[in-house]
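Here is a short report for a first look at this structure. It starts at the ligand and then turns to helix packing.

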Amino acid sequence: MSQPAIEPYRIKAVEPIVLHPPEMRVSLMEQAGYNTFKLKAQDIFVDLLTDSGTSAMSMNQWAGIMMGDESYAGCRNFFNLQDTVMDVFGFENFVPTHQGRAAENILFSMIIKPGHIVPNNMHFDTTGANIRSNGGTPVNLVIDESYEVSSTHPFKGNMDPNKLTALLDGEGKGKVPIIMHTITNNSGGGQPVSMANIKEIANIARGKGIPFFFDACRFAENAYFIRTREEGYAQSSIAEIVKEMFSYVDGWTMSAKKDGLVNIGGLLAVKDDELMGNIRDTLILIEGYVTYGGLAGRDLEAMSRGLREVLDLDYVSFRVNQVKYLGDRLTEAGIQIITPVGGHAVYINAKDFLPHIPQSEFPAQALVCDLYLEGGIRAVEVGSLMFATTNPETGEVVYPELEMIRLAIPRRVYTSTHLDYVADTLIRIKSKSHQLGGYKIVKANGLLRHFTAEMAPL
Ligand code: F0G
């Protein structure tokens, strides 16, 4: 039997949550068009929609909020953040943004031209969409093991160097303006990237004169996996590992809403001075002046403190092991999840959970809906609703390899008892899974249709 990890903190402020009666959940779900993004948060008991912007801040961060300097230019919190970015990542040039996708948008609008191809281990949905909206094509070059649900590979987020070289020498010759690596690989199950792989991809990029960037939002969780799984790092601190990881890249985008332990904020850092100059100009145009970039001074302070706190080994060890505890409980009950368990979330294989529902009828979305109906729990679909594409020439729908639901665990928010409740609810659903049916789309549009689509049970 798995043992829950013990929280290395105690609770100082509480936020009540309510479990509505089952019949009320049925009607709320219907009103939401069977899309959990459209539910009101107050109607959810345990919210595992995302680990993004949902962290509980520490008393140190809340104290920092009171230190906010709301001057338009040159606020003290920017300089604190500058020290943090230098100390933690070794980067001098950076701008704050209001969140990760703003950093992506600014960067890509500067370097991507129509016809360009951007490789990544696996693009997150906003990264891919930001590339497409600038006329580029995102491609995923993660190792094949990443697509094996039950693999035991310790670094399933690694990029396949052979696939990358083949792209750079073939179809992508002269068309790749940047190589990205997402740490950890969210779309592939929160899987880490090894230091060896980071070095290898950096070498390939350098050999071709192509800038190499991280999509870095879960950098501390990635570093923890390097410490515990990669030879030579067991005695290193998380801070040392992070510093080394970032020494191999030319820049990075970051949603600080994850390992920045804040509710809002992002960063964009690059080594190239000329590129940074252009970034600053665009930032002023669309986010704000260079010392606040779409955030209040107090937000910068909370981010600056969060980026240091997240390096604490007790914190990050608890964090990763809390997620693993939920994964282990599900595995023990015969529910197939992506293994090894990722850093921020447990991903359930909906193809295995609901084998009788074809991908055209959105099995992962069916499970997401039932999780709310059964237990007031919110998860997110990472499958056909999010990723299926239509071939414009043939009209044929191409379904993603993985059909998952993600249970993303907010940082420092829920206790092991909440996670036991989630596990028990899923085990109950599993025992009657043959009763669940598929769904159809009633209304959908746009590059990111899963946010707004309306569904109906078949
Ligand atoms: N990159 C990755 C790997 C992400 O997981 C996210 C956000 C972003 C970029 C964009 O950052 O939200 O601050 O604009 N992921 C959230 C999630 C939304 O639920 O996984 P953002």
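In this predicted model, the side chain of Asp215 has an N or O atom 2.8 Å from a nitrogen atom of the ligand. Lys258 also reaches a ligand nitrogen: an N or O atom of its side chain is 2.9 Å away. Arg406 approaches an oxygen atom of the ligand instead, with a polar side-chain atom at 2.7 Å. The table sets these distances side by side.

| Residue | Ligand atom | Distance |
|---|---|---|
| Asp215 side chain | nitrogen | 2.8 Å |
| Lys258 side chain | nitrogen | 2.9 Å |
| Arg406 side chain | oxygen | 2.7 Å |

The surroundings of the ligand comprise 17 residues. Those that come nearest are Thr50, Arg101, Ser255, Lys258 and Arg406.

**A strand residue and its partners**

Asp47 sits in strand β1, which covers residues 46-47. Its side chain forms a polar contact of 2.8 Å with the side chain of Arg378. Which residues does Asp47 touch, leaving aside neighbours within four places in sequence? They are Arg378, Pro410 and Tyr414.

**Helix α16 and helix α12**

Helix α12 spans residues 313-332. Its axis comes within 9 Å of the axis of α16, and the two cross at roughly 25 degrees. Angles under 35 degrees count as roughly parallel, so α12 is roughly parallel to α16. Their crossing is right-handed. On the α12 side, the contact is made by Gln322, Tyr325, Leu326, Arg329 and Leu330. On the α16 side, the residues are Ser416, Leu419, Asp420, Val422, Ala423, Asp424, Leu426 and Ile427. By type, the residues of this contact between α12 and α16 are 8 nonpolar, 2 polar and 3 charged.

**Helix α16 and helix α14**

Helix α14 (residues 363-375) also packs against α16 (residues 416-431). Here the angle is about 110 degrees, and the axes are 10 Å apart. The range of 65 to 115 degrees counts as roughly perpendicular, and α14 and α16 are therefore roughly perpendicular to each other. α14 passes α16 in a right-handed crossing. From α14, the residues in contact are Leu367, Asp370, Leu371, Glu374 and Gly375. They meet Tyr421, Thr425, Leu426, Arg428 and Ile429 of α16. The contact of α14 with α16 divides into 5 nonpolar, 2 polar and 3 charged residues.

Leu426 of α16 appears in both contacts: with α12 and with α14.

Terms used:
Residues numbered from 1 in each chain as written. Predicted model: local features only at pLDDT ≥ 70, side-chain atom pairs only at ≥ 80, totals over all residues. Heavy atoms only, no water. Axes fitted to C-alpha atoms, helices over the stretch in contact; angles between N-to-C directions. Helix = DSSP H or I, 4+ residues; strand = E, 2+ residues; numbered from the N terminus. Parallel < 35°, antiparallel > 145°, perpendicular 65-115°, else oblique. Left-handed = near helix turned anticlockwise from the far one by under 90°. Contact = heavy atoms within 4.5 Å. Nonpolar A, V, L, I, M, F, W, Y, C, P; charged D, E, K, R; others polar. Near = heavy atom within 4 Å. Polar contact = N/O pair within 3.5 Å; in protein donor to acceptor, adjacent residues only side chain to side chain.
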